[in-house]
Each structure stands twice: as C-alpha cells, then as structure tokens.
Amino acid sequence: MLERGWSADLLRDAAAQGWFSLAVPEEVGGLGIALGELAPVFVALGEHLVPGPLLENVLLPALFADTAVGERLVATVERGGVLAMADPGISCAWSAEVGRVRLTDRGLSGSIGLVRFAAQADLLLVVADAPDGPHVCLVEPGAAGLFVEELDSADPGSRFARVTFDECPAGQPLAAGAAATELVGRLRAWARLLLACELAGIARHLLTITLDYVQQRKQFGRVIGSYQVVQHTLATMHASTSSLHNLCLSAAADAGDQVGRELEVTAAAAKAYASETARQVSEDALQMHGGIGFTAEHELHWYYKRALAARTWYGDERELELEIGRLLILGPDAVPPQNGGLRQPAGATS
Amino acid sequence: MIDLDTYRTNVRAWLRAADMPVVPRDLDKRFAVLREWQRTLFDAGWIGIAWSTESGGQGLTAQHQLVFSEELARAQAPQPIGLIGLDVVGPSIDEYGSEWQRRTLLPRLLSGEDIWCQGFSEPEAGSDLASLRTRARLEGDTFVVSGQKVWTSWAAQADWCALLARSDDGAPKHQGISYLLVDMKTPGITVRPLVQMTGDREFCEVFFDNVRVPADNLVGEIHAGWPIAIHTLGTERGVYTLRRRVDAEVALDDAVAELRQRAALPDGVPLSERFLATLGKATVALRALDAQTRRTVDRLSAGPTPEDSVDKLLLNGIEQTVYGCLADLLGPFRSTPTSRPLGLEAERWVHEHLYSRAASIYGGTSQIQRNIISQRLLGLPRG
C-alpha cells in the first residue's frame with residue numbers, strides 16, 4: 001500500500017466507518033464535528049502512516065458543504081470516492097514552478113504541476129485566478145480540455161499528477177470574489193493545520209520506536225540508551241515532539257474561532273514548527289537506529305519519506321516564516337506573492 | 001472564584017489607573033523604587049495570586065497569576081522585585097516551612113519588605129549541586145555556617161537567603177544537606193557582586209564565616225533538605241518559564257510594532273525578506289512555547305514534576321531563538337548601543353540577547369534537564 005501511495009479498499013473502509021462524515025455539517029448528513037476537533041484524528045493518521053487523500057476527503061466536504069456542490073462532495077467521499085484539489089497555494093516559494101490556472105469566459109486555462117490524487121479523483125476542485133479575484137470551480141475527470149498526467153511518487157502517502165487545463169469548461173464557480181478569497185484562505189489554513197497534526201503523529205511514532213530500540217540494542221556490553229549522548233538525543237526528541245503535539249492541539253482549538261490574518265498566522269506557525277520539528281525528530285530517529293534504520297526492511301524510511309513530503313506541502317518552515325513576517329508587518333493591506341500566498345480575506349479583521 | 005476574563009478586565013483597569021514607577025538605572029535606587037512598587041501591588045491584591053489565603057495570598061489559581069503577569073508585561077509595568085522569593089523560594093517555605101517560618105517570613109516576602117536570594121550553587125557544586133561543601137554545624141540550638149556560594153542573584157540587595165548547607169559529612173551526599181533560612185544581616189556574611197557580560201551586577205559571591213543561624217530557621221528536618229531543594233528548583237522551572245514566556249512575547253510585539261511603523265512610512269525602504277523571515281521565526285518559536293506553557297498552568301497546582309524539565313529545556317532554546325532573532329535585526333548596529341536601526345533600540349536588544357544566553361545555564365543547565373528527561377521521564381537507565 002505504501003509503495004502505491006494509497007489504497008482504494010482502505011478508502012472505502014474508511015468511508016464505511018464514517019471518517020469523512022465527521023466534519024460534514026449535520027444539515028447535509030454529517031456529524032457536524034468542528035474541524036479543530038479532528039486534530040487528534042490526524043495525529044493518529046500520522047502515527048499509523050495512513051496513506052491516501054484523507055486531507056482532501058475530510059476538508060473539502062466540510063468547507064464546501066453549503067455551496068451548490070456540497071451534496072455531491074459529501075456523496076462522493078461517503079461512497080469511498082476520491083477528491084483532489086488543484087491549488088497553486090501548495091507552495092509560495094515555488095509558485096513559478098507550480099504554475100497557475102486562469103478563469104476567463106472561455107473556461108479554465110493553465111496548469112498546476114503538482115496535484116495530489118488527480119489521476120484517481122472523482123471530482124477535482126480548482127483554485128483559479130480571474131480578473132476579479134480568485135474563483136473556486138469544480139471539474140469532473142472527463143471534462144473537455146482537462147489533461148491529467150500522473151507522475152511517479154516518492155511520497156508513501158500520496159500519488160501526484162500534473163493537471164493542465166485548455167479552455168476547460170468551469171461551470172458555475174462555487175465561490176467568487178471576497179467569498180472565494182475567504183474560502184481559499186480557510187482551505188489553506190486548515191490544510192496546514194491538519195498536515196501539522198499528521199507530522200506530529202509521525203514524530204510521536206518515531207519517538208516511541210526509537211525509545212524502544214535504544215533500550216534493546218546493546219553495544220560495548222550495555223544498552224545504547226544508557227549512554228548520555230544517546231539519552232540527550234532522546235530527551236531533545238521528547239521535548240520537540242511533545243511541544244509539537246501541544247502546539248498542534250492548541251492551534252487547532254484556537255483556529256475554530258479565528259478568521260483572516262489571525263487564522264493564517266496560527267496555521268502557518270503550527271505548520272512551520274511541524275515541518276522543522278518532524279524532520280529533526282525523524283533524522284534523530286534514523287541516526288539512533290544506525291544501519292537498520294537506513295534499510296527498506298525497517299518501517300522507519302516510510303515515515304521519514306512521508307514527513308519529508310508533508311513538510312513541503314503548503315509550505316516548509318522557511319517559506320512560512322517569511323509569510324508570517326509579511327502578515328505581521330505588512331498587515332491587513334499586505335500584498336501577498338502572486339500565487340499561493342496567505343491571503344487576507346476582504347473584510348477580515350486582524 | 002472570579003472567572004479569568006473578568007479578572008483580566010479588573011487587572012487592566014487597575015493598571016490603567018496605576019501610577020507606574022519610573023525605574024532608575026542605579027541599582028540601589030532601582031531596588032528602593034521597585035520594593036515600593038511590590039508593596040503597591042501587594043496592597044492591591046496582585047501578589048501571591050495563586051498562594052493560599054492562609055499564607056497571605058489571594059487563593060486563586062496559576063491561570064489567574066498568568067493573566068496578571070501577561071497584563072503587567074503588556075502594560076510595560078515592571079515586575080515585582082522579589083521574584084526569587086515569590087516564584088522560587090517562597091512556595092517551598094509555604095510547603096515545608098514551620099508555622100513560625102510561614103507566619104513571620106511569608107507576609108514580608110509577599111509585600112516586598114524582604115527580598116530573598118537563593119544560596120545553592122558553589123564554586124565546586126554547579127550542576128552537581130549535591131556535592132556542595134558549605135558546612136552547617138549544629139551547636140545547641142544554633143547552626144554555625146561556613147563556606148562560599150556563587151551566582152547568587154541579588155544577594156547584595158537581599159534580606160534573606162534560602163541556603164543549602166552540609167550538616168552531615170558522613171552521610172551519602174544527598175542525605176547530609178539541610179535547608180536553612182538565613183538573615184543576610186547576620187555577622188560573618190560577606191557579599192561580593194560580580195559584573196556579568198550584560199554589564200549588570202545581578203549575581204554575587206557570598207562568603208559565610210562562622211555565621212550563627214538559629215535552629216528555628218531550619219526548613220523541614222535536619223539533613224533532609226535535598227527534596228526541598230528539588231521542590232524549589234522545580235517551582236523555578238515551571239513558574240519562571242511562564243514569566244519569561246510573557247517577557248519574550250512582549251519583546252517580539254515591541255519589535256513588530258517598530259517595524260510596522262517603519263514599513264508604514266511613506267519614504268520607508270521596503271523591509272527585506274530577511275527581516276520578515278526573522279520575525280516569522282521568532283513568532284513560530286513563541287507559539288510553540290505558548291502552547292507548552294498552557295499545559296504547564298494546568299498542572300502547576302500539583303507541584304513540581306520532571307515535566308517541568310521539558311518546559312525549561314524548551315524555554316531555554318526558544319528564548320535564545322527569539323532574542324537571537326531580534327538581535328539579528330540590528331546587524332552591524334549591535335556594536336553601537338545608541339543606534340536605532342529599523343527603529344529598534346540597539347542597547348535593549350543587545351542586552352536581552354546577552355541575557356538570554358544565561359537561560360540554558362541557570363535553574364539547571366539544558367544538559368541537566370536532558371538528564372532528568374531521559375532518566376526520570378523516559379525511563380532510560382543511568383549509565
């Protein structure tokens with residue numbers, strides 16, 4: 001399953017268990033749980049390295065439930081289908097490489113170089129630019145002018161494709177103008193928060209197995225966990241992991257009441273800390289395991305590769321620290337970078 | 001019990017109306033002004049917020065204390081001067097002290113009438129605190145103390161000292177230590193302030209030459225001072241972390257305000273990405289510490305635990321990250337204290353940065369915290 005980046009059976013089982021209805025509002029048949037309360041769920045997904053479009057399948061029905069396509073999104077995930085989002089916001093620093101999509105009266109044109117699960121998707125949500133601001137559109141896989149080219153994936157949790165639009169009919173946008181700006185801002189913020197939680201879960205698991213390993217592995221006649229240099233590494237891993245976990249839970253709880261710049265800073269800070277911390281903890285875990293951790297026989301490499309992938313998705317610490325600086329200093333009137341920036345929704349307060 | 005939001009409103013209202021003291025640079029004058037300030041805070045009910053009412057406190061919670069500390073810092077009001085008494089030594093006297101000690105010493109500690117210092121470290125007993133050699137020999141109803149302490153913050157200003165001394169040479173090192181409360185005016189005590197790299201004279205060497213301390217000043221049982229010392233250090237790690245977090249947040253807010261003003265100037269040079277990313281980095285670090293200390297507050301009432309070492313270790317790193325970032329904004333102007341690059345006061349940020357380097361040394365070094373975490377929390381075997 002990890003070689004393939006997902007499993008259709010697993011997704012159907014998860015759907016049957018109701019995972020994707022948790023954050024869907026009750027009016028459209030969900031359980032209506034606040035997204036912030038799903039933080040422990042995403043921590044657990046990280047701990048167990050669950051692959052697949054879980055982020056998309058949880059977020060999109062929850063955030064777009066009250067749009068015209070809400071019921072379609074919910075129905076798709078509830079039968080085990082796949083949602084994908086073509087969003088140039090997955091990266092700020094690489095925005096020129098990621099690309100963008102424009103919406104004109106001739107439909108969608110342009111391309112997004114990296115879209116998770118686009119080739120498996122039953123529905124594709126597109127964040128497009130139009131002369132009057134961002135628009136969010138929904139496209140079906142067979143649409144005219146839509147080209148999906150699957151790419152090799154080095155992320156055990158994901159499949160990737162390049163998606164190109166050539167005057168692809170966009171239908172009625174789900175959101176336009178200020179509402180779209182606000183929705184896209186929330187989408188990106190929650191993607192960052194839930195990815196941060198997944199990274200926290202990965203760090204927790206790697207700390208646990210490393211703590212076990214250093215108490216079993218013996219060298220020079222005693223367990224390596226009795227050497228101070230190893231103990232101090234584990235102590236640092238523990239402090240980092242527990243602070244990351246605390247930050248994720250606090251940020252997710254706070255985010256529920258936040259909008260605009262405040263929400264964006266909360267999410268970016270959690271994702272930045274997660275990106276940096278999960279990589280450090282993974283690399284310490286690898287070092288503590290010695291040679292065995294470097295082999296494909298041990299589970300560690302899957303976690304490490306997933307951590308490296310997730311840390312870049314929606315920004316690593318270097319990208320996000322810069323974005324936070326912009327948000328703090330340039331304030332509500334800040335002009336974000338052309339694509340993928342943390343946008344300030346119209347009318348939001350800081 | 002008053003809810004936190006109402007409490008915060010009350011604190012703000014009081015602080016708005018309060019006469020803020022002007023803090024002089026001269027150390028002795030500064031202490032005189034700040035003792036008065038602590039008295040003012042005490043009279044208004046803002047000292048010992050989480051202490052029990054029987055001990056002269058307000059009988060509220062650690063959350064209320066945190067709210068007050070936050071508002072005090074945001075109002076740019078000085079902290080009470082007796083923090084070592086309030087946050088470090090006092091809670092141990094309250095927990096382990098005799099009726100007489102609690103009744104006579106704690107009210108004066110709270111009101112700022114008595115400033116406390118902490119006589120723990122010695123020239124040969126730093127991280128290995130239990131190897132301390134200052135002697136306390138019991139003669140009748142008096143301990144006779146001789147030896148030397150070092151890194152004793154504010155000893156030159158202190159009225160009282162919580163002192164660890166060896167009362168039994170023959171016992172294993174952790175079992176021969178007594179916890180004494182010493183009046184700093186007792187004959188035989190000599191204090192020599194040390195100038196620190198910040199230019200401050202906060203900590204001192206303290207020499208004890210046959211100092212006579214009444215046996216009534218012993219906290220707990222004779223030779224049984226070590227667990228009390230651990231309690232003191234644990235309190236320091238937990239409560240102090242909260243205060244330093246608030247200080248660092250205010251520092252970052254101040255820097256952000258300066259830079260925002262700069263960015264808003266019509267002829268302002270655009271801030272480079274480097275400066276923005278530096279502020280972002282400091283913000284991320286502080287968010288992590290903030291989330292961590294919210295958990296701290298939840299468990300503080302249960303007393304010190306090895307978890308405090310996690311907080312202290314994180315605080316050390318984060319405090320140094322934050323002030324390191326802020327000092328980096330000065331670039332080459334850090335060498336000229338009167339400069340104001342980007343609107344930032346060079347002298348303040350250099351001072352804060354240098355002071356932050358002490359964070360990973362005082363209250364148990366980061367290495368000692370890692371020992372505690374790995375052995376007492378994670379259960380790894382002693383080497």
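This report describes chain B of a predicted model, its contact with chain A, and one helix of chain A.

**Overall form of chain B**

Chain B contains ten helices and eight strands. Its C-alpha trace spans about 75 × 50 × 40 Å along the principal axes. A compact globule of 383 residues would have a radius of gyration near 21 Å, and the 22 Å of chain B agrees with that. Of the 383 residues in chain B, 47% are buried. Counting contacts in chain B between residues at least 6 apart in sequence, 70% join residues at least 24 apart.

**The annotated N-terminal region**

UniProt, in an unreviewed entry, lists residues 6–113 of chain B as "domain: Acyl-CoA dehydrogenase/oxidase N-terminal". Over this stretch of chain B, residues 6–113, the chain is 64% helix and 0% strand. The end C-alpha atoms of the stretch are 30 Å apart.

Helix H5 of chain B covers residues 99–111. A kink of about 30° lies in H5(B) at Leu105(B), shortly before the proline Pro107(B). Leu105(B) is also among the buried residues of the helix, along with Leu106(B), Leu109(B), Leu110(B) and Ser111(B). These buried residues pack against helix H2 (27–43), helix H4 (83–96), strand S1 (116–119) and strand S5 (177–183) of chain B. Just after H5(B) comes Gly112(B), which takes a positive phi of about 90°.

**Two helices by length**

The table sets the expected span of H5(B) and of H10(A) beside the distance between the end C-alpha atoms.

| Helix | Residues | Expected span | End C-alpha distance |
|---|---|---|---|
| H5(B) | 99–111 (13 residues) | 18 Å | 19 Å |
| H10(A) | 317–330 (14 residues) | 20 Å | 19 Å |

For H5(B), the expected span at 1.5 Å a residue agrees with the end distance. For H10(A), the two values agree as well.

**Trp154 of chain B**

Trp154(B) is found in the loop between strand S3 (142–153) and strand S4 (160–166) of chain B. Is Trp154(B) buried or exposed? Trp154(B) has 23 other C-beta atoms within 10 Å, and the cut-off for a buried residue is 20 or more, so Trp154(B) counts as buried. Leaving out residues up to four places away in sequence, Trp154(B) touches Ile84(B), Ile115(B), Cys117(B) and Glu202(B). The C-alpha atoms of Trp154(B) and Phe207(B) are separated by 14 Å, and the two residues are 53 residues apart along the chain.

**Contact between the chains**

On the chain B side, 33 residues are in contact with 33 residues of chain A. Four helices of chain B each supply at least two residues of that side: H6 (226–264), H7 (273–300), H8 (307–328) and H10 (366–377). The largest share, 14 residues, comes from H7(B). By type, the residues of the side of chain B that touches chain A divide into 18 nonpolar, seven polar and eight charged.

From the other chain, H10(A) is mostly covered, with twelve of its 14 residues buried. Among the buried residues of H10(A) are the charged residues Glu317(A), Glu319(A), Glu321(A), Glu323(A) and Arg326(A). Others in the buried set include Leu320(A), Leu322(A), Ile324(A) and Gly325(A). The buried residues of H10(A) pack against helix H8 (260–289) of chain A together with H6 and H7 of chain B. H6 and H7 of chain B are also among the helices that supply the side touching chain A.

Technical notes. Residues are numbered from 1 along each chain as its sequence is written. Chains are lettered from A and ligands numbered from 1 in the order in which they are written. This is a predicted model: local features need pLDDT of at least 70, side-chain atom pairs count only at pLDDT 80 or more; totals for chains, interfaces and linings use all residues. Two residues are in contact if their C-beta atoms, placed from the backbone, lie within 7 Å. UniProt positions are given in the numbering used here, feature names are shortened, and annotations may be inferred rather than shown by experiment. The expected span of a helix is 1.5 Å times one less than its number of residues. The bend at a residue is the angle between axes fitted to the seven residues ending there and the seven starting there. The radius of gyration is taken over C-alpha atoms; the globule rule is 2.2 Å times the number of residues to the power 0.38.
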